[in-house]
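This report covers overall form, cysteines, one helix and two unusual backbone angles. The sequence and structure come first.

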Amino acid sequence: MNWTQLLSTYRIGQAACPEPSVRSDFQRDGDRLIFSAAFRRMKDKTQVFPLEKNDYVRTRLTHSLEVSCVGRSLGSSVGTWLLEKNPELARHNIHAADIGDIVAAACLAHDIGNPPFGHFGEQAMRDYFKSAEAGNILERLDNDAQRADLLHIEGNAQGFRITNRLESPDNHGGLRLTAATLAAASKYPATAYKNPYKKNGVYQDDLEDFAAIYQALGIPPRGDSGQAWQRHPLSYLMEAADDICYQVMDIEDAHKLRILSAREAIDLLLGFFEGQQLEHVSRTMMIVDDTNERIAYLRSSVIGLLVDECTRAFVEGEEALLRGAFPAKTLIESISSHAAAAYRACSEVARQKIYTAGEVVDIELAGHRIFSYLLMAVIDAVLHPTHAYSRLLLSRIPNQYDTAAPTVYGKIQCALDYISGMTDVYALDLYRKITGMSLPAV
């Protein structure tokens with residue numbers, strides 16, 4: 001792989017006359033994402049705490065904006081180094097800020113495909129297709145590759161589908177983001193079928209466009225299945241920004257919700273520092289009287305430290321990244337041993353106390369039931385559209401979703417597109433209405 005090609009501005013469905021603009025191509029990517037309906041809907045989608053009424057706690061939208069800020073810092077730092085090492089990039093009109101803009105845009109897109117109720121919503125969808133009830137549906141599909149898609153429903157794959165197809169559906173290429181941004185947003189560039197990664201990043205229905213993007217970027221395939229590729233090096237920066245934010249911010253949110261005490265949160269965040277740096281951060285923190293502000297200061301300091309660590313890991317591993325042979329799975333795994341130990345401590349506390357908190361688990365259990373019912377009802381409606389109940393339910397589905405798709409696979413994808421695009425509140429409201437739990441006043 002080479003950086004000139006990896007930073008391509010190629011777009012699926014590129015217009016014959018490019019839009020004149022003072023913005024760079026990669027800035028336009030970020031703007032198109034922010035102005036999209038799918039991005040706005042993330043304001044009512046779960047990050048960690050479902051249906052949380054505390055305005056302080058992060059949603060998918062605020063999380064994505066924060067990840068984008070961290071991603072811009074990472075990308076700009078790496079970009080400055082790349083331009084110094086590869087001065088020929090400047091002759092191709094590539095600037096250090098472009099790297100920051102690509103990573104920032106990729107971060108905006110990284111969670112856009114997540115369904116309501118967070119990762120538990122994804123799991124509910126997978127569980128449905130593994131159930132005996134869905135067995136006859138899987139048998140009606142054309143091949144094992146389509147069956148693999150449904151058995152491994154994945155927000156990452158749905159994210160590409162949203163940006164490349166469902167948003168601006170009249171355009172081939174949807175939002176028409178640059179190939180560099182789309183690939184940087186993909187942690188798992190493969191389908192679920194014969195997948196070398198732990199997750200998948202594209203469905204069969206979108207494979208042709210996905211392959212065209214990786215071809216344009218000169219990113220080689222992984223294996224000989226024709227359905228997997230090496231990762232774009234900048235996807236490691238997008239992933240690092242996400243890793244940094246969710247781990248550090250979850251500690252801050254858990255303190256705000258009184259799941260963690262102030263002492264617990266402060267000790268976890270101070271654990272990232274040692275020596276003179278620890279003395280400086282501890283002394284500066286004590287200047288502030290308010291406990292919440294102390295934790296906010298520590299959170300900011302930890303993010304700065306981890307940005308420096310991940311930038312160093314990227315620079316040291318750049319040649320391996322270009323060969324598709326980076327020895328670690330993530331940049332976070334390559335940070336210094338002290339910071340890595342502090343990061344693991346935060347992860348363990350999150351696993352033991354935050355993600356298993358009663359208020360989280362209770363709503364996740366309810367979310368699983370809601371999702372299972374909506375899947376059953378909507379899929380049954382698209383597969384049996386002539387039934388009276390089906391016609392009523394289908395009338396609620398917006399026209400942008402192709403309920404009359406000619407294949408069983410296409411009809412099911414339509415149902416999944418509709419349900420995945422719901423917010424937490426909309427899914428709950430629809431469930432109450434179609435089960436009769438909530439009826440209009442008469």
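## Report on the chain

Cys346 is buried, at a relative accessible area of 1%; buried means under 20% relative accessible area, exposed over 50% and partly exposed in between, with a 1.4 Å probe and protein chains only. This is a predicted model, in which local features need pLDDT of at least 70, side-chain atom pairs count only at pLDDT 80 or more, and totals for chains, interfaces and linings use all residues. Residues are numbered from 1 along each chain as its sequence is written, and side-chain values use heavy atoms, with hydrogens and water left out.

**Cysteines.** A disulfide is taken as a pair of cysteine sulfur atoms within 2.5 Å, and by this rule the count is 0. Cys69 is in no disulfide, the nearest cysteine sulfur being that of Cys245 at 8.2 Å. Cys346 is in none either, and its nearest cysteine sulfur, again that of Cys245, is 13 Å away. In contrast to the buried Cys346, Cys69 is exposed, with a relative accessible area of 53%.

**Overall form.** The chain has 21 helices and 0 strands; helices (H or I, at least four residues) and strands (E, at least two) are DSSP runs numbered from the N terminus. Its radius of gyration is 22 Å, close to the 22 Å that the globule rule gives for 442 residues, so the chain is as compact as a globular protein of that length. That radius is taken over C-alpha atoms, and the rule is 2.2 Å times the number of residues to the power 0.38. Along the principal axes, the C-alpha trace spans about 70 × 55 × 40 Å. Of the 442 residues, 54% count as buried. Among contacts (heavy atoms within 4.5 Å) with a separation of 6 or more, 73% join residues 24 or more positions apart.

**Helix α2.** In α2 (residues 25–34), the residues Phe26, Arg28, Asp29, Gly30 and Leu33 are buried. The buried residues of α2 pack against α3 (37–41), α6 (96–109), α10 (155–166) and α11 (179–184).

**Positive phi.** Most residues other than glycine have a negative phi. Two arginines with a positive phi are listed here.

| Residue | Phi | Loop | Relative accessibility |
|---|---|---|---|
| Arg176 | about 55° | between α10 and α11 | 22%, partly exposed |
| Arg258 | about 65° | between α13 (233–256) and α14 (262–270) | 79%, exposed |
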